Structure formats: structure tokens, C-alpha cells
Amino acid sequence: MMGRALVLYVALFGLLLGVGMVMGAPFTVRLSVEAAAFALIALGLNIQWGYGGLFNFGVMGFLMVGGFAVTFISVPLNMDFWNSQGPFMLAKVLAAAAIGAALIVWVNRWKVTGRKKRVAQVAAWVLAYLIYRSQIDPAADYIEANAGFVGGLGLPVVVGWAFGGLLAAGVAFIIGKICLGLRTDYLAIATIGISEIIRALIKNMDWLTKGTLTVSPLPWPVPKPQELQEFRFDVSQSFIWSRAAFGILVVAVAVGALVLAQRAYGGPWGRMMRAIRDNHVAAAAMGKNVKARQLELFVFGSVLIGIGGAILTSFAQIFDPGGYQPINHTFVIWVMLIVGGSGNNVGAMFGGVFIYVVWVMSEPASQALFTTLSSWSADFGLGAIPEIESRALQMRVFVLGLVITLALRFAPKGLIPEVIKRPVAETQEKAVAVRS
Amino acid sequence: MNELVFFINKVLISGTVLGSVYALGAVGITLIFGILRFAHFAHGDLMTLGAFVSFILASIATSLGIQTFWPNGFIILPFAMVITAGLALGIDRGFYQPLRARGVKPVTLLIASIGVTLMIQGLIRLFAGVRTRSFFEEVPKELFRLDMSVIGASRPLVISEPQILLVASTLAAVIALHLFLTRSRLGKGMRAMADNADLARVSGINTRHVIRATWVIAGALASLAGTMLALDVTLKPDLAFNIILPIFAAAIVGGLGHAYGAIAGGFLVGFAETLSVFNWSVLLRPFKGLLPEGWSFPSDLSIVPTEYKLTVAFVILVVVLLVRPTGLFKGASS
């Protein structure tokens, strides 16, 4: 099994080299950096689905949370905001939210049960919402009118990545706490719904995230190409080196996460998780706290997804809440995991890089294909294909669908499948082999 | 009484229209879930596909010079429904049946349906491009303005022809579905299989026929819903992909697997959306005289800002899943 992984990784490296020959080095370095970030995200999803069987269809939401976190941490301070009434008003909002939350908690602790309590709970939620709205609406209008948005904290980018993981963990904890009791497909629908709610919030809370106006440029943890150009690098070289430096950081994070995940998965903790995934009733009967362990997995996975989202956002140098789409940010990661091999960390990361390359390269590839077809059809007198460029861009959605369909049909366990060690069964097999 | 007319226009009519579309989509999802036990994510794109089939047929009809009292997008509907039903059967044959034959878990079918979503969307965008189209490029959309001076309003009640057709055809589809499920042998078999697939099989119900019938109904209704939605607004490649979650919300509110619940759920979600973005302050305007001097009602009393309209459906979805995953209406069977 190790041999197969090695061969596939070497082939992947060859593929990247091939892309480099055709598309040029700066493009390929960019592709590799993004692919490494996606590998990290796929690893996070593997922890949730591969280890725990938790059907998280809200990857997009966690990526957005990570992206917001790094934006908030790394963008310079907005003095217009800090010198205005804004911070005071936000403090009032926080106080209102705290009062609302306290109200809900207080009602939840009532000893009354039945219909009375249900009514009281609903009333508490409504009241809390009203209190919150009464403070947030004027604050949001004021900040948007006077300062644009709250700005950032001006801290190092790497702190922002870490905060992305932390914030995603917090969100995952809340979501997991309320959702993890649900059955698989219900969990999928619930998480996709929650990720849409997160998207709507981040997109429309202009005072906090600038919404569709987008925040840019975001700082890099390494010198940007423009800074290198001032330092007598030519344009192409500056892009390669700057992106490569960024890439080394990303790869370091990804490899670090892989090593930790592998160690955890190989140990008793990983065995327990597999036991819960394969038969949670039996695991519960053995005294494992199934829900708490699943929550653990959900949070760990989301940390990696959040960090990955933060890395992607700061690499793109722009936080654009309008640019997040379920296809590009949830479905594609599922395809990565399924094709790579769920339950296998190395496979998940392979899938992350491989599918990202396929996803990005299917556009120029189909453009080339269409151009060829077009010249043929023109030769045959059928006329050329119109709008080749915009059509080629759409091909990648189709290619992604085709890849996942083929994978489910012909390699349902992925290219690098999960390694299942069953010592007892193996020895029995050997015994049988010896006897015969 | 202008305020009341405004309320009817903004809430009742648009809620009914939205609810009809959701209901038609949710019935398909709920039937597929009841029979095949998986959440069919590609249903939104089946709707879009149906709308595009209708568009092509309508264009052909227009180019042949067919011009009737009804919009061309409506008269070709029966053909479009048949074609889309056939496509739905083909999709099942090509993508889901091989997996079912291997006995995979429902989750794998869900992931397969994501693959189907992506392929349908990719193909539609490949052939049709990303631009928006309209069924009414040549003939204008007919608008009915009902004079409301009877109740003392100066503003008219506005409803468009596609909206009336949509509500009427939803009604017709629901009645037909009801008759099919309660009167026909196949429909009864379908309800039996949704209740207990193994028991249905040993009682001699041909489950293959039932599955085929499910796809035919789901495809036909999806085509109807997609076409009517495209007639009401415009036709674009992500027409129904954007509303697949509200449709799931409708199906879950009604209890997955329950056809009647899905219809109720569709209208419930539709009305919840329009009610929560409606500015209730408008209705208070006639009572301004009752307030003491110098007081006034707040100018904006909508429950959520307009940009969160779809979010309302997501919140309903999540809350219902958490509080009552079996749906709001228990007991109904389908």
C-alpha cells in the first residue's frame, strides 16, 4: 500500500512539472500553494468524515470563518473606527447579546416542563433577538456611515491563521453541540444550511466584513512580489520566489498537521474513533462517550479547515464573501476526499492536490480542446464554436462531476484507500495458506 | 386600504407563488427519499434541466409560428414533462442504479447526486452559457391589474399570467398526485414501499416499477416547477440550484417521505419567507391618527432585513431538523 501511495505522489509531482512546462513557473507555483492549502482542508474533512463518519457539508462556512478571521487579524487598524463612537456602540451590542444569551440560558434552566416551558423558550429567543436588534441596527448603520467597517487588528498574518483555526473551532463546537445527534443525511442538510446562514451573515454584515465591497489587499507573512521587485528581482522571478516562500510556509503547516493526524490516528485514540464510526452502538456499550468523541473530531477537523480557509484568503490577498460558492468550496473538497481515499490521511492530501490541479487545469485543457474542435468544425463547413473562453470555464464543473461519478463507480474507496489492520484475521489467513 | 392591497401583493401573492414552486420541488424530493432513502441533491438541477427543455421546445414552437392564447412556454409543458421524466429515468439508470445494485449506503447515493448536480450544471452552462434568458422575449408578459376601488384602495392588485398558471397547475398536479397515490395500484404500491420496502416486496409489489414511477413523477413535477419558475422570473443555469435548500426545508418541515406534508411545507416556507421580510410598519400606517401627538411608528418593522430572505428558509430548515426531525405533521402517510 505504501508503494502505491509513493507511485501516485511521484506521478502527481510529474503532473505538476508537466503543468509547469505548459503554463509557466509563476502559475504553477501559485497552483501548488493553493493545492497545498486544499490538501490541508481535505485532511480536515478526512478527520471528520474518514475518522468519524460525520457528514459535514458545510465546509464553505468554515472556510469563510477562517477567511474572515485572517482578515480581521491582519488588516491594519482602522483609526476612523477607533476614534469614533463605534467601539462604544459595539460594546453596547455585546452587552445586549450577553443579556439575551443570559435570558435564554435562564429560561432553559427553569424547572417547569412541557408546553409552558416551550412557550417561555420561544419568548426568550424572541426577546433576546429584539434586544440584540435594537442595539446592532444603529451600531451597524453608524459604523458603515462613519468608518466604513471596523478594520483589522494589524497583527502578524500567521496569528491570523491560528485565529482562523480557533474561530472555526468555536463555530464547530456550537454547531457540533446542536447538530451531531442527527443521522448522516440529515446532518448533511443541516450543515449545508448552517454554512449558508454563515455565508449570508458574513456577506451582509458590512460593518464587520465590508461585505461584497471586499477587503483588500491583505498582507502576506512573507515579502510580496512587489516588495521583491524593489529589491532588484525581475517580475517573473519575484512572483516565483515570493509565492514559493509562501508555499513553504503552507507546506510546513500541512505536513505538521499530517504528522499530528497520523500519530493520533495510529494510536488508541484513532482506533477508538474507527470503532465509533463503524459501530457506534457497540462503542457506546463499551463505555465510550460517542457524542463527546464525535464533537472532538468535528472540532479538530474544523480547525484544519479554518486554517486552510485563512491561508487561501491571505494568499488571494482579498476577502470577498460574495466569491464563496458551495460548488467551489464544499463539493470540490468532498470530491478531493472521495477520490483521494477517505479514511487515509495521505490519500486525502493526495486527493486535495490532484483534484485541485484537475479543477484548475480543466479550463485551459478544454479551451485547447474546443479550439481544436472549432477549427475542425470550421474546416468541415459547420462553423466555429462561439464563446469558447466562457464555455471552457464552465467545463470544470462538469469535469468535477464526471470525476466523482467515475470514482464512486470504479474506485469507491479512493485512489489510496484506508488501511484496515486486522491482525487476527491476517494470521488466520496465513495459517490457512500454510496448511493448504 | 392601499396598505392591505400592498400586503396582498407582497405577501399573499408572492408567498403563494414561491410556495407552489417549493411544494412541487419538495414533493419530488420527498418521494425519492421515501422510496430510495437518500437525499437527492440534484433535484434542483433536474428542475433547471426541465426549464431548459421547455425553453427549447417553446423556441421551436415559436419558430414554427405557433401563437395561442397561452404563452408558448406553457402549452409545451406536457411534452417537456415527458422528456424530463425520461431524462430523470436515464439519470437513475446511469448513475444511481449501478450503485444501488452494489448495495451502497444512502450516503454514497447522496454524494453521487452531487456528482449529477455538477454534471447537469456543467452541461447546461456549456451549451447555454451563463446568460439569463426569458420566455417572453417576443411576446410581453401579461399582467392583470385588478381594480380594488371596491374596498377603497387606489392601487390595483397585480398578478401576472405565469403566476396564475403556476398556482393553477400546482393545484392540478397536487390533485392528480393525490388521485394517483390513493386510487391507482402503482400509487398504493408506492405508499406501501415508502412505509416498508421489504414488506412491500414480499407482498408482491414490483419495486422496480415503483422506483421507475417515482422518477417519472419526480422528473415531471421538477420540469413543471422549473418551467413555471422560469416563466415567472427568468431562465438561468443556477435557477433552481439556489433554491434547493429551501425546497429541502419544505420537504423536511413536512416530514421526509410524506407527499402531503411536503406540499404544506412548501407553502409554509414560502409564506415564512415573504412574511418575515415584509415591512409590518406599512400595515400600521392607517392607525397613525391613534397615536399621541409627536409619536410615530418605527419606519421599518420587518422581522429580518430583505437580504436575509433566503436565510429564513435555512433557519427554518435547521430549527426543524433539530427540534422535530420527523417534520411538523406526523401521521400522514405517502
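**Group meeting talk: a walk through chains A and B**

Let me begin with Lys210(A), which sits in the loop between helix 9 and helix 10 of chain A. I should say at once that what we are looking at is a predicted model, so every value I mention is computed from its atoms. Although Lys210(A) is not a glycine, it has a positive phi of about 70°, and with a relative accessible area of 28% it counts as partly exposed.

Staying in that loop, we also come to Thr214(A), which is likewise placed between helix 9 and helix 10 of chain A. Thr214(A), again not a glycine, has a positive phi of about 65°. Is Thr214(A) buried or exposed? Its relative accessible area is 17%, and because buried means under 20%, Thr214(A) falls in the buried class. Further along, the peptide bond that runs from Ser216(A) to Pro217(A) is cis, with omega near -5°, and Pro217(A) belongs to the loop that joins helix 9, residues 206-209, to helix 10, residues 225-230.

Let me now step back to chain A as a whole. Chain A contains 18 helices and zero strands. For 436 residues, a compact globule would be expected to have a radius of gyration near 22 Å, and the 25 Å of chain A agrees with that. If we take the principal axes as our frame, the C-alpha atoms of chain A fill a box of roughly 70 × 70 × 50 Å. Of its 436 residues, 48% count as buried. When we consider the contacts in chain A between residues at least 6 apart in sequence, 81% of them join residues at least 24 apart. The accessible surface of chain A comes to about 20900 Å², and 68% of it belongs to carbon and sulfur atoms. As for charge, chain A carries 33 positive and 21 negative charges, and the mean positions of these two groups are 16 Å apart.

I would next like to turn to the aromatic rings. Over all chains, the count comes to 33 aromatic pairs. How are the rings of Tyr51(A) and Tyr265(A) arranged, and what are the values for their centres and planes? Their centres are 3.9 Å apart and their planes lie at 10°, so this pair is stacked. The two partners come from distant parts of the chain, with Tyr51(A) in helix 2, residues 25-51, and Tyr265(A) in helix 11, residues 235-266, which places them 214 residues apart. Both Tyr51(A) and Tyr265(A) are buried.

In chain B, by comparison, Phe55(B) and Phe135(B) make an edge-to-face pair, with 5.3 Å from centre to centre and 75° between the planes. Phe55(B) is in helix 2, residues 43-63, of chain B, while Phe135(B) is in the loop between helix 5 (106-128) and strand 1 (143-146), so the pair ties together parts that are 80 residues apart in sequence. Phe55(B) and Phe135(B) are both buried.

There is also an aromatic cluster with members from chain A and chain B: Trp49(A), Phe55(A), Phe57(A), Phe331(A) and Trp334(A) are joined in it by Phe41(B), Phe241(B) and Phe248(B).

To finish, I will go through three single residues. Gln294(A) is part of helix 14, residues 290-316, of chain A, and at 13% relative accessibility it counts as buried. Which residues does Gln294(A) touch, if we do not count those up to four places away in sequence? They are Gly52(A), Leu54(A), Leu180(A) and Ile276(A).

In chain B, Ala218(B) belongs to helix 9, residues 207-232, and it is buried, with 0% relative accessibility. Leaving aside neighbours within four places in sequence, Ala218(B) is in contact with Gly28(B), Ile32(B) and His43(B). By contrast, the C-alpha atoms of Ala218(B) and Leu157(B) are separated by 34 Å, the two residues being 61 apart along the chain.

Finally, Leu301(B) lies in the loop between helix 12 (281-284) and helix 13 (309-323) of chain B, where it is partly exposed, with a relative accessible area of 31%. Not counting residues up to four places away in sequence, Leu301(B) touches Phe278(B), Asn279(B), Trp280(B), Ser281(B) and Leu284(B). Its C-alpha atom is separated by 48 Å from that of Asn196(B), a residue 105 places away along the chain.

Methods. Residues numbered from 1 in each chain as written. Chains lettered and ligands numbered in written order. Predicted model: local features only at pLDDT ≥ 70, side-chain atom pairs only at ≥ 80, totals over all residues. Heavy atoms only, no water. Helix = DSSP H or I, 4+ residues; strand = E, 2+ residues; numbered from the N terminus. Rg over C-alpha atoms; globule rule 2.2 N^0.38 Å. Buried < 20%, exposed > 50% of the residue type's maximum accessible area, 1.4 Å probe, protein only. Contact = heavy atoms within 4.5 Å. Areas by Shrake-Rupley, 256 points an atom, 1.4 Å probe, with all protein chains shown as cover. Lys, Arg positive; Asp, Glu negative; His and termini not counted. Charge placed at Lys NZ, Arg CZ, Asp CG, Glu CD. Phe/Tyr/Trp six-rings, centres within 6.5 Å; stacked < 30°, edge-to-face > 60°.
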